[in-house]
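Work through the exercises below with the model open. Try each task before reading its solution.

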Amino acid sequence: MNLRQKIYKKLLDVPRGRVTTYGELARAVGLDNGQRVVGNAMHSNPYPGIIPCHRVVMSDGRIGGYAYGEHVKAKMLHDEGVGTERGRISDFEKKLHRF
C-alpha cells in the first residue's frame with residue numbers, strides 16, 4: 001500500500017459529523033509535518049464521494065480548500081451536521097476527530 005492509499009484508508013476512520021486536520025491525519029499515518037502531503041492527497045482524491053476529503057480542515061478550524069469550491073465543502077459538512085460560520089468550523093474542538 002502506498003502512502004496516498006494509507007492516508008485515504010485512515011481518513012475513512014473519521015466518522016460522519018466530525019472533522020480532522022491535515023496535520024492530525026499526517027501524524028496518524030506516521031508523517032511529521034506532512035500537512036502538504038495530506039493536502040496533495042486530498043486534492044488528488046479520485047473518489048470524493050467515497051473518500052471523505054471534505055472532512056479534512058485546517059488546524060485553526062478554517063475549512064480550507066476543496067476542489068469543487070469552499071462553498072461546496074461547507075455544504076457537505078453542513079449536511080453531515082458540522083456547522084460553519086465565516087469559513088470556520090463551529091464548535092471546532094467538539095467536532096475534531098483525533099486518532
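**Exercise 1. Set out the fold and its overall dimensions.**

Start at the N terminus: the elements run α-β-α-α-β-α-β-β-α. Helices (H or I, at least four residues) and strands (E, at least two) are DSSP runs, numbered from the N terminus. The tally is five helices and four strands. The radius of gyration is 12 Å, close to the 13 Å that the globule rule gives for 99 residues, so the protein is as compact as a globular protein of that length. That radius is taken over C-alpha atoms, and the rule is 2.2 Å times the number of residues to the power 0.38. Along the principal axes, the C-alpha atoms fill a box of roughly 35 × 25 × 20 Å.

A note on the basis. This is a predicted model: local features need pLDDT of at least 70, side-chain atom pairs count only at pLDDT 80 or more, and totals for chains, interfaces and linings use all residues. Residues are numbered from 1 along each chain as its sequence is written, and side-chain values use heavy atoms, with hydrogens and water left out.

**Exercise 2. Find the nonpolar cores.**

First, fix the terms. Buried means under 20% relative accessible area, exposed over 50%, partly exposed in between (1.4 Å probe, protein chains only). A nonpolar core is a set of buried Ala, Val, Leu, Ile, Met, Phe, Trp, Tyr and Cys residues joined through side-chain atoms within 4.5 Å.

Next, take the largest core. It has 15 residues; Ile 7, Leu 11, Leu 25, Val 38, Met 42 and Val 56 have the most contacts inside it. Helices α1 (3-11), α2 (22-28) and α3 (35-43) each supply at least two of its residues. Another core lies apart from it, with nine residues, including Val 19, Ile 63, Leu 77 and Phe 92.

Now pick out Ile 7. Leaving aside residues up to four places away in sequence, Ile 7 touches Leu 25, Val 29, Val 37, Val 38, Ala 41 and Met 42. Contact means heavy atoms within 4.5 Å.

**Exercise 3. Assign the two faces of α4.**

Which residues of helix α4 (residues 70-79) are buried? They are Lys 73, Ala 74 and Leu 77. These cover an arc of only 100° around the axis, which puts them on the same side of α4. The arc is that of the directions from the helix axis to the C-beta atoms.

Then look at the cover. It includes α2, β2 (56-57), β3 (84-85) and β4 (88-89). Turn to the face away from the buried side: it carries the exposed residues His 71 and His 78. Finally, step just past α4, where Gly 81 takes a positive phi of about 95°.
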